[in-house]
Each structure stands twice: as C-alpha cells, then as structure tokens.
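User: Please take a close look at one part of this model: the pairing of charged side chains. Then work outward to the packing around it.

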Amino acid sequence: MQVENAQHKDLAAGRWAEMPLALQMLNIGSEISRANRWKSKGNQNQVERAVFRALELIDLTIDAQRGKHSLKEFARMRETVCDYYLGENIYNSTGEIIQRDFDMFMPGTKKNI
C-alpha cells in the first residue's frame, strides 16, 4: 500500500504491522461500527467513507499478516464488507453479523485471540 495515498498514513508507514492482530481487528471493527451507525441514519456518503477506511485497514492487516496467518479469512472478510455496504448483499449479511465478527476480539470475550 502506498503511504502517500493512505488515509491512515502513520499506520500504513509500518505502525500497523507492529500491532497485535486483536488490536488490528478492533480498529477495523470501529470503522465497521461507524458504517453501521451511518447506515441506520441513511447517510450512504458517510457509510462509504467509514467502509473505505475499514477496507484500508483490512488491506494493511493482510499485508501485516502475510506468512503468519491464512489470508483466505481476511480476503473473505474484505469481500463480505464490500458486498454488504457497497454491493448487492448477495451473501445476505447484516451489519450486526459483520460487527459481531470484530467484537469477538474485545478484551474479556471468550473467543479473543
């Protein structure tokens, strides 16, 4: 990812790769939460802005996790986010289901890694 085009320039410059995976997922989840709030208010412009920030963080996560974890799950996550918020929702997702996938990384949750 080119740092000059990044919305999260300091993260794209290498700081993101230094974060634990759980923290990366929580940060992506924050953007998904923003997208869900804007979607409930009917503001598609703000939904797209939050989703594009989330996609950038997902891409940074894919780069950071290359060789450490299977990338199929991250690619599927990206595909699902695009489909629900920007596409035709062929997977019949909901904002709540997508958010739940990120919330499991919150401290104190049993499925936390």
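Analyst: A salt bridge here is a side-chain nitrogen of Lys or Arg within 4 Å of a carboxyl oxygen of Asp or Glu. The model is predicted. By that rule, the count comes to five salt bridges.

Start with arginine 78 and aspartate 59. Their closest N and O atoms are 2.6 Å apart, and the two form a salt bridge. Arginine 78 belongs to helix α4 and aspartate 59 to helix α3 (residues 44-65), so this pair ties together parts that are 19 residues apart in sequence. How accessible are the two partners? Arginine 78 has 27% relative accessibility and counts as partly exposed. Aspartate 59, at 22%, is partly exposed as well. Residues are called buried under 20% and exposed over 50%.

Aspartate 63 pairs with arginine 66. The closest N and O atoms of that salt bridge are 3.1 Å apart. Aspartate 63 is partly exposed, at 38% relative accessibility.

A further salt bridge joins the side chains of glutamate 79 and arginine 76, with 3.5 Å from N to O. Both residues lie in helix α4. They are three residues apart, about one turn of the helix. Glutamate 79 has a relative accessible area of 36% and is partly exposed. Arginine 76 is also partly exposed, at 48%. Elsewhere, Glu31, Arg34 and Arg53 form one network through salt bridges that share partners.

Now the frame around these pairs. The protein has five helices and zero strands. From the N terminus, the order of elements is α-α-α-α-α. Of the 113 residues, 39% are buried. The accessible surface comes to about 6,800 Å², and carbon and sulfur atoms account for 51% of it. Take the contacts between residues at least 6 apart in sequence: 56% of them join residues at least 24 apart.

Stay with α3 for a moment. Isoleucine 62 lies in this helix. Isoleucine 62 counts as buried, at 14% relative accessibility. Leaving out residues up to four places away in sequence, isoleucine 62 touches Leu71, Phe74 and Ala75. Glutamate 73 sits 11 residues from isoleucine 62 along the chain, and their C-alpha atoms are 9.6 Å apart.

Next, α4 against α2. What is the geometry of this pair? The axes of α2 and α4 come within 12 Å and cross at roughly 10°. The two helices are therefore roughly parallel to each other. From α2, the contact uses Leu21, Met25, Ile32, Ala35, Asn36 and Lys39. From α4, the partners are Phe74, Met77, Val81, Tyr84 and Tyr85. Phe74 has thus appeared twice: in the α2 contact, and as a neighbour of isoleucine 62.

Helix α2 (residues 21-40) also holds glutamine 24. Is glutamine 24 buried or exposed? Glutamine 24 is buried, with a relative accessible area of 0%. Beyond its neighbours within four places in sequence, the contacts of glutamine 24 are Trp16, Ala17, Met19, Thr61, Ala64 and Gln65.

The α2 and α4 helices also meet α5. Which residues of helix α5 (residues 95-103) are buried? They are Gly95, Ile98, Gln99 and Phe102. Viewed down the axis of α5, these buried residues fall within an arc of 100°, so they line one face of the helix. The face turned away from that buried side carries the exposed residues Glu96 and Arg100. The cover over the buried residues of α5 includes α2 and α4 (72-86).

Isoleucine 98, found in helix α5, shows this cover in detail. Isoleucine 98 is buried, at 4% relative accessibility. Its contacts, with neighbours within four places in sequence left aside, are Ile32, Thr80, Val81, Tyr84, Tyr85 and Ser93. Among these, Ile32 belongs to the α2 side of the α2 and α4 contact, and Val81, Tyr84 and Tyr85 to the α4 side. Isoleucine 98 and valine 81 are 17 residues apart along the chain, with C-alpha atoms separated by 7.4 Å.

To return to the charged pairs: arginine 78 of α4 reaches aspartate 59 of α3, while glutamate 79 and arginine 76 pair within α4.

How values were computed: Residues are numbered from 1 along each chain as its sequence is written. This is a predicted model: local features need pLDDT of at least 70, side-chain atom pairs count only at pLDDT 80 or more; totals for chains, interfaces and linings use all residues. Side-chain values use heavy atoms; hydrogens and water are left out. Helices (H or I, at least four residues) and strands (E, at least two) are DSSP runs, numbered from the N terminus. Buried means under 20% relative accessible area, exposed over 50%, partly exposed in between (1.4 Å probe, protein chains only). Contact means heavy atoms within 4.5 Å. Accessible areas come from the Shrake-Rupley method with a 1.4 Å probe; for residues, only the protein chains shown count as cover. The arc is that of the directions from the helix axis to the C-beta atoms. Axes are lines fitted to C-alpha atoms, for helices over the stretch in contact, and angles run from 0 to 180 degrees between N-to-C directions. Angles under 35 degrees count as roughly parallel, over 145 as roughly antiparallel, 65 to 115 as roughly perpendicular and the rest as oblique.
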